[in-house]
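Grab your viewer and a coffee: here are a few exercises to work through. Try each one yourself before reading the solution.

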Amino acid sequence: MRGVVSGIGYLLSAALLAAVAGCATTESAPDGGSLKEDQGLLVVRITSNTNMRLSYQEFSPETSFGARFTENMIGSKGALSVMPGEKVWVLPVDAGEYMWSKVEMGNQFANLHTSNRFRVFPNTITYIGDINIQVVDRRFRVRAVDREYEMREYIRNHYPAYSKSMKFEKVMSELRMR
């Protein structure tokens, strides 16, 4: 009996550790930091009227209970702690296709699986647009706006080492919010 109890305790501890590990948020990279061979920089400006956590993971054309459960237990590929106002993120990310997977605001959340897509290229600064998220009366509105010129200037001024050593590519985020 004692082995069963310690086994259950071990499983609960592992689940708690996985849940806490999934709570980590992603911060912008320092200029000129080294990237892995198959990484690029995801560049996005997010404007919001409220605090929220915006998570992303590898793109999947379908969603399932299992995928959502796994994200809740293990965590997403990354998450951004969004505050009211405007902020630019410059994130080292493995090259590939991604999606915003969940937005969380206090005890409320919305699964965003399959409603959007963005791509990151290796050794490239990939700008996916300016994302505007507004929450009014417990409903949210999301849209992507192309401000490429302003973002190129921002990267040149705030990330000169990356700007000089990597090409800049615009691939607007596809958003089909319900």
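The exercises below deal with a predicted model, so we start with confidence.

**Exercise 1. Find out where the confidence is lowest and where it is highest.**

Solution. Start with the overall picture: the mean pLDDT of the protein is 77, and 68% of its residues reach 70 or more. Next, go element by element. Helix α1 (residues 2–21) sits at the bottom with a mean of 41, while helix α3 (residues 148–158) tops the list at 97. Finally, look at residues 4–25: pLDDT stays under 50 there, and the model has 13 contacts beyond four places in sequence for this stretch.

**Exercise 2. Work out which strands pair with β1, and in which direction they run.**

Solution. Take β4 (residues 85–94) to begin with: 10 bridges join it to β1, and the two run antiparallel. To check the register, find V44, which stands opposite W89 in β4. Now turn to β8 (residues 124–136), which is joined to β1 by 7 bridges and runs parallel to it. Here L42 has T126 as its bridge partner. As a last step, consider burial: 9 of the 10 residues of β1 (residues 39–48) are buried, so the strand is largely enclosed by the rest of the structure.

**Exercise 3. Describe the largest nonpolar core and say which residues have the most contacts inside it.**

Solution. This core has 22 residues, and I46 and F118 have the most contacts inside it. As for who contributes, β1, β2 (52–58), β3 (78–82), β4, β5, β7 (116–120) and β8 each supply at least two residues. Then zoom in on I46: leaving out residues up to four places away in sequence, I46 touches L54, L80, V82, G85, E86, K87, W89, I131 and I133. Don't stop there, though: a second, separate core has 13 residues, among them V43, M151, I155 and M166.

**Exercise 4. Decide whether K102 is buried or exposed.**

Solution. Locate K102 in strand β5 (residues 96–105). Its relative accessibility is 8%, and buried means under 20%, so K102 counts as buried. For a sense of its surroundings, go to Y56: this residue is 46 residues away along the chain, yet the C-alpha atoms of K102 and Y56 are separated by 7.1 Å.

**Exercise 5. Explain what stands out about the phi of N123.**

Solution. Recall the background: most residues other than glycine have a negative phi. N123 is not a glycine, but its phi is positive, at about 50°. You'll find N123 in the loop between β7 and β8. With 49% relative accessibility, N123 counts as partly exposed.

How values were computed. Residues numbered from 1 in each chain as written. Predicted model: local features only at pLDDT ≥ 70, side-chain atom pairs only at ≥ 80, totals over all residues. Heavy atoms only, no water. Helix = DSSP H or I, 4+ residues; strand = E, 2+ residues; numbered from the N terminus. Buried < 20%, exposed > 50% of the residue type's maximum accessible area, 1.4 Å probe, protein only. pLDDT = per-residue confidence, 0-100. Contact = heavy atoms within 4.5 Å. Pairing = 2+ DSSP bridges. Core = buried A, V, L, I, M, F, W, Y, C linked by side-chain atoms within 4.5 Å.
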